[in-house]
Amino acid sequence: MGSIRLRLDVSYDGADFSGWAAQPTRRTVAGVLTEAFGRLVGADTPLGLTVAGRTDAGVHATGQVCHVDVPLEAWADLEGSLLRRLAALMPPDARVRAITPVPPTFDARFSATFRRYEYRVADTPWGPEPLRRHDTLGWVRPLDLDRLGAAAAGLVGEHDYAAYCKRKEHGTTVRAITRLDWRRDPDGVCVATVQADAFCQSMVRSLVGAMLTVGDGRREPSWPATLLTLRERSSEVTVAPAHGLTLVAVGYADEADYAARAEATRRLRA
């Protein structure tokens, strides 16, 4: 019997996870999700679990997307209750919020057109509010929003972000950032929003780390953009801590374009 592909919209508090990707001896989001599905469809059932973006240890998500392939026979039994059953089996720091049948051409990773992250920084003298300590970085120096914005403006566009990435063998560090800006929320927290077609490892946290040194006056607003001329990781950039970062959205093309987008992305990343 065949299978059906399901899109899963997932949220998690990354504080107690060693990232997304399954690891034999560590607690990961993929690990607990696979275990929960295994109890429903059989532990030996190949799910083909594929995620839009593999978040690092400590990084959170409110808009993560992945897909699985479930046998049609199991789906017939679970269709009306799968979301509720997963809620009973998943730990409280990871939730599947929506389950949607999608065509087999949908690929959570390669069909995506953008990923959007937010990074929260509290520069108040007392630090982050206790209830937000897991998703907000405390910064001991006051931050100037105009300086942060000026630094961000120089980083938007399609560039080689090698200075801000952990390079992978045979992988490109060219990315297209379509949005990078800062705001100060009513609670006083500074929030960076960054959106791109994709990100290489540690890229967002490296960009934030560079911009924070501008916001607190230690670097000039033009400095982060000057690093785009480099073709290797810059030792001058400090990677911001993981816990301030949250994946908030993943965008996709229209259903008819799933396959074409996936193929184009595979060629680009190769």
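Leaving aside neighbours within four places in sequence, which residues is His 159 in contact with? The list is Thr 173, Val 174, Arg 175 and Leu 228. Bear in mind that this is a predicted model. Below is a quick tour of two helix pairs and four residues, starting with that histidine.

**His 159**
- You'll find His 159 in strand E7, which covers residues 157–160.
- With a relative accessibility of 27%, His 159 counts as partly exposed, because the buried class stops under 20% and the exposed class begins over 50%.
- Its side chain reaches the backbone oxygen of Val 156 at 3.1 Å.
- Ala 112 sits 47 residues from His 159 in sequence, and their C-alpha atoms are 19 Å apart in space.

**Tyr 12**
- Tyr 12 belongs to strand E1 (residues 3–12) and is buried, at 5% relative accessibility.
- Setting aside neighbours within four places in sequence, Tyr 12 has plenty of company: Phe 17, Trp 20, Val 29, Thr 55, Val 59, His 60, Ala 61, Gln 64, Asp 93 and Ala 94 are in contact with it.
- One of those, Thr 55, also shares a polar contact with Tyr 12, side chain to side chain, at 2.7 Å.
- Another, Ala 94, is 82 residues away along the chain, yet the two C-alpha atoms are separated by 4.2 Å.

**Two serines in loops**
- Ser 202 is in the loop that runs between strand E9 (190–196) and helix H5 (203–215).
- Most residues other than glycine have a negative phi. Ser 202 goes the other way, with a positive phi near 70°.
- Ser 202 is also buried, at 7% relative accessibility.
- Ser 234 lies in the loop between helix H6 (223–226) and strand E10 (245–252), and it too is buried, with a relative accessible area of 6%.
- A polar atom of the Ser 234 side chain lies 3.1 Å from the backbone nitrogen of Glu 236.
- If you skip residues up to four places away in sequence, Ser 234 touches Ala 163 and Leu 227.

**Helices H1 and H3**
- The axes of H1 (residues 29–41) and H3 (residues 82–89) come within 10 Å and cross at roughly 125°.
- That angle falls between the 115 and 145 degree limits of the perpendicular and antiparallel classes, so H1 and H3 are oblique to each other. Their crossing is right-handed.
- H1 brings Ala 36, Phe 37, Arg 39 and Leu 40 to the contact, while H3 brings Leu 82, Arg 85, Leu 86 and Leu 89.
- By class, the residues of this H1–H3 contact are six nonpolar, no polar and two charged.

**Helices H4 and H5**
- Here the axes of H4 (residues 145–153) and H5 come within 8 Å, crossing at roughly 140°.
- H4 and H5 are therefore oblique to each other, and their crossing is right-handed.
- On the H4 side the contact is made by Arg 147, Leu 148, Ala 151 and Ala 152, and on the H5 side by Met 211, Leu 212, Val 214 and Gly 215.
- The H4–H5 contact divides into six nonpolar, one polar and one charged residues.

Note on methods:
Residues numbered from 1 in each chain as written. Predicted model: local features only at pLDDT ≥ 70, side-chain atom pairs only at ≥ 80, totals over all residues. Heavy atoms only, no water. Axes fitted to C-alpha atoms, helices over the stretch in contact; angles between N-to-C directions. Helix = DSSP H or I, 4+ residues; strand = E, 2+ residues; numbered from the N terminus. Parallel < 35°, antiparallel > 145°, perpendicular 65-115°, else oblique. Left-handed = near helix turned anticlockwise from the far one by under 90°. Contact = heavy atoms within 4.5 Å. Nonpolar A, V, L, I, M, F, W, Y, C, P; charged D, E, K, R; others polar. Buried < 20%, exposed > 50% of the residue type's maximum accessible area, 1.4 Å probe, protein only. Polar contact = N/O pair within 3.5 Å; in protein donor to acceptor, adjacent residues only side chain to side chain.
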